[in-house]
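Hello,

Here is the structure I promised to pass on to you. Have a look at it first, and then read my notes below.

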Amino acid sequence: MAVGKEILDALHALVDRDITLMHICGTHEAAIARAGLRSILPRKLKIVMGPGCPVCITPQGEIDAALDLVEQGCTIATYGDLLRVPGSKGSLESSGGDIRVVQGVHKAVEIARREPEREVVFISVGFETTAPTVAATILSRPPENFSILSCHRLVPPAMAWLLAQGEASLDGFLLPGHVCAVMGYEEYERFPVPQVVAGFEPEDILLGLLMAVRQVREGVHRVDNAYPRVVTREGNVKAKRLMYEVFEPFDVEWRGFPVIPASGLRLKPEFEGYDAQKKFDIEIRHVDKHSACICDKVLRGIARPSDCKLFGKACTPRTPVGPCMVSHEGACKIWQLYESRR
Ligand code: SF4
């Protein structure tokens, strides 16, 4: 922690004006909240969370599509986090369907093999961290009664959207260490803003903040790597190749965002036999959000969970109104667990 203290002292010495940095990673938010970092940072250094929780940014229309698959008699295999995320007509948990919680796509394939009489659909959420594993599974030619509902998203197009809007007045970004471990950080170099790839220990995050603040103070922008023990500029070349062998980018809506160009991943036509949307003729529709939930603003870094009038009252981890209170990577749930205890 002596190292952390040195970094913290350097940060306090450098931050003499308002600086806002955004991270795009639920694991970063959890680490920041768990270690109470916001309470020891310079008062003028603001850390906001962006759209870094893959469950939270899955729009209601995709939850409704999963519910449509339940209505068609499919067995749904999904991460536990997704069970209680509300769509416009309920959640998977309340659907009464055959819903199996799995730890990953391989478990969903196992179910399909074990129960060939059932149609098993894996709800495939996640950023670039999970898509390569799903791609490898599809390439292994799982049984024909297996398919996926692809809800994957790519991080850089959302950053481009946020920068184009300028609504959060961002001075820089902490880049997600897990995503960059797969993708590298070359593709982030096009953004004209300070960026630092950061790991997940408190010292990793403090170092990332310090490197970002230094860039801001020097008036320069580049991508620095504060997580070199895991992340390289090129990333995992094999994983990237697998991902783009099976998936192709397409324009898609994020919860709290409009349609963002080339920000989603869908199966290429040669793999459409595994595409649940095509196999079961499911349409994904836009749905207006719950009127009082401000998840959209939280995910864009322009509101904090505690700005929501439902936070900790009508909306709690036991009674979630929006997805940010459901997922363990959601800012509202993280703040409810850690920040409200301080
Ligand atoms: Fe939405 Fe609940 Fe968060 Fe408010 S506290 S923004 S209702 S998830």
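Before the first finding, one definition will help: a helix axis here is a line fitted to C-alpha atoms over the stretch in contact, and the angle between two axes runs from 0 to 180 degrees between N-to-C directions. Please also keep in mind that this is a predicted model.

Let's start with two helices. H5 covers residues 105-114 and H6 covers residues 131-139; their axes are 9 Å apart and make an angle of about 30°. Angles under 35 degrees count as roughly parallel, and H5 and H6 are therefore roughly parallel to each other. Where do they meet? On the H5 side you will find Val105, His106 and Val109, and on the H6 side Thr133, Val134 and Thr137. The contact of H5 with H6 is made up of 3 nonpolar residues, 3 polar ones and no charged ones.

Next, try strand E5, residues 120-126. Is it buried or exposed? Of its 7 residues, 7 are buried. One side of E5 carries Val120, Phe122, Ser124 and Gly126, the other has Val121, Ile123 and Val125, and both faces are covered.

E5 also has strands paired with it. Strand E3 (residues 75-78) runs parallel to E5, with 3 bridges between them, and Thr75 stands opposite Val120. Strand E6 (residues 146-152) is parallel to E5 too, joined to it by 7 bridges; here Val120 stands opposite Phe146.

Finally, find the ligand. There are 14 residues around it, and Cys293, Cys308, Cys315, Gly322 and Cys332 come nearest. This shell holds 13 nonpolar residues, 1 polar residue and no charged residues.

Enjoy exploring!

Definitions and conventions:
Residues are numbered from 1 along each chain as its sequence is written. This is a predicted model: local features need pLDDT of at least 70, side-chain atom pairs count only at pLDDT 80 or more; totals for chains, interfaces and linings use all residues. Helices (H or I, at least four residues) and strands (E, at least two) are DSSP runs, numbered from the N terminus. Angles under 35 degrees count as roughly parallel, over 145 as roughly antiparallel, 65 to 115 as roughly perpendicular and the rest as oblique. Two residues are in contact if their C-beta atoms, placed from the backbone, lie within 7 Å. Ala, Val, Leu, Ile, Met, Phe, Trp, Tyr, Cys and Pro count as nonpolar, Asp, Glu, Lys and Arg as charged, and the others, Gly among them, as polar. A residue is near a molecule or strand if its C-beta atom, placed from the backbone, lies within 6 Å of it. A residue is buried if 20 or more other C-beta atoms lie within 10 Å of its own, exposed if 12 or fewer, and partly exposed in between; C-beta atoms are placed from the backbone. Two strands pair if DSSP finds at least two bridges between them.
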